[in-house]
Amino acid sequence: MDILNIMATMAVLWLHTSEYAFQYEPNNINWYVSLIIQVLFIWAVPIFFMISGANLFNYRNRYDTVTFFKKRIVRVLVPFFIWSFVWYAWNNFVLQQENWSIKGFINGMEYDTIQPIFWFFYFLIPIYISMPFLSVLATKDNKKVVEYIIVFYAIGMGIINYGYMLLRRTPNHMVNNVPLVLSTGIGIFFVGWYLHTFKMSKKVRYWLYFGTSMSIIFMILVTIILSGIRGETAREVYSVFSIGGFFIPLGIWVWVQKRFGETWQPSPNIAKLLRSLSGVSLGVYVIHKFLIVVIEHIFSLAPSSWLHLFVLPLVVWFLSVIIILILQKIPVVKRLLP
């Protein structure tokens, strides 16, 4: 779990430093490079969701529901509000993008216009609210029920809704009103719990690797083709809520699970380092965009440059980790870090 957390955090940085892919420039080889990076690391946030499912669906084995909500409020809800306010102030006073007002902040919080990458929280918090009844479903005795949810999710969200998205059509009322898996995409949380709870056979792992490989090829090629037709980057092709967005994180998960599973025992120092780096993952998530903006400005770094695509994510990750580790040493401030 620590390794997956660290990998997902770094993948987020690769995504946010390769946003040149959003500027459709087919005559520039770097556009294709940035697009490939986008597709290769699209699994970042789904892995976070899967980790949440694996860790929290069995929360009843550790504490009661009241304690569960107290922990989520302290670790997620409070930091979400605080860091949204910090970003709102940054947008207003530094970037001069906002008109400072209480109403503006409330509207920004309501519609996720303060910091777009915080969509993660808007998706995660409702799942936490639903956790008391979702955790009842996620038991070994309900294996078949969970499998039904996962299959329904893969078909519904990954194919049906994805098809509507590619066709740029609004899903019909029947699709929108199917509970649990079509309207919310909650299946990815069950996937994490399932893979963490039940061992996959070698045959299943290989099928997941195959699905991951085919998904990467499919999303790259279809994005290039649709972008050429539309004259703009077809970003929805490599959505996390697509059949590719379903298979790729599964492939990553089972590979890490196999490579660093029960038989792999790191030394005490390595284990301690992994725990520390994993513990700063969400903190890195909320602050890394600050560093990207500052470094871009100081060094006049073009989004299409090789430095921006390959060096910047490593630099930002390293600096973000150091900053969060320092902030975690400050008694009051550490409570504001997710």
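In this predicted model, N30 is buried, because its relative accessible area of 8% falls under the 20% limit used for that label. The residue belongs to helix 2, which covers residues 29–40. Although N30 is tucked away from the surface in this sense, its side chain has a polar partner: it reaches the backbone oxygen of S304 at 2.5 Å. Once the neighbours within four places in sequence are set aside, the residues in contact with N30 are Y20, S304, S305, W306 and L309. S304 therefore appears twice in the description of N30, as a member of this contact list and as the owner of the backbone oxygen that the side chain reaches.

A second buried residue is S215, again with a relative accessibility of 8%. Its place is in helix 11, running over residues 202–230. Leaving out neighbours within four places in sequence, S215 is in contact with I243, G244, F247 and I248.

The surface offers another picture. A nonpolar patch of about 970 Å² is formed by I29, W306, L307, F310, V311, V315, F318, L319, I322, I323 and I326. Helix 15, made of residues 306–327, supplies the largest share of this patch, with 10 residues. One patch member, W306, is also among the contacts of N30. Another member is I322, which sits in helix 15. I322 is described as partly exposed because its relative accessible area is 34%, a value between the limits of 20% and 50% that separate buried from exposed.

F133 provides a further example of a partly exposed residue, with a relative accessible area of 47%. This phenylalanine is located in helix 6, which spans residues 119–137. A useful pair to find in the structure is F133 and F57: they stand 76 residues apart along the chain, yet their C-alpha atoms are separated by 9.5 Å.

Finally, the backbone deserves a look at two loop positions. D112 is found in the loop between helix 5 (102–111) and helix 6. It has a positive phi of about 55°, although it is not a glycine. R168 is placed in the loop that lies between helix 7 (143–166) and helix 8 (173–176). Here too phi is positive in a residue other than glycine, with a value near 60°.

Definitions and conventions. Residues are numbered from 1 along each chain as its sequence is written. This is a predicted model: local features need pLDDT of at least 70, side-chain atom pairs count only at pLDDT 80 or more; totals for chains, interfaces and linings use all residues. Side-chain values use heavy atoms; hydrogens and water are left out. Helices (H or I, at least four residues) and strands (E, at least two) are DSSP runs, numbered from the N terminus. Buried means under 20% relative accessible area, exposed over 50%, partly exposed in between (1.4 Å probe, protein chains only). Patches are made of residues with over 30% relative accessible area and no salt bridge: like charges are joined within 9 Å, nonpolar side chains (Val, Leu, Ile, Met, Phe, Trp, Tyr) within 5 Å. Accessible areas come from the Shrake-Rupley method with a 1.4 Å probe; for residues, only the protein chains shown count as cover. A salt bridge is a side-chain nitrogen of Lys or Arg within 4 Å of a carboxyl oxygen of Asp or Glu. A polar contact is a pair of N or O atoms within 3.5 Å; within protein, one must be able to donate a hydrogen and the other to accept it, and residues adjacent in sequence count only if both atoms are side-chain atoms. Contact means heavy atoms within 4.5 Å.
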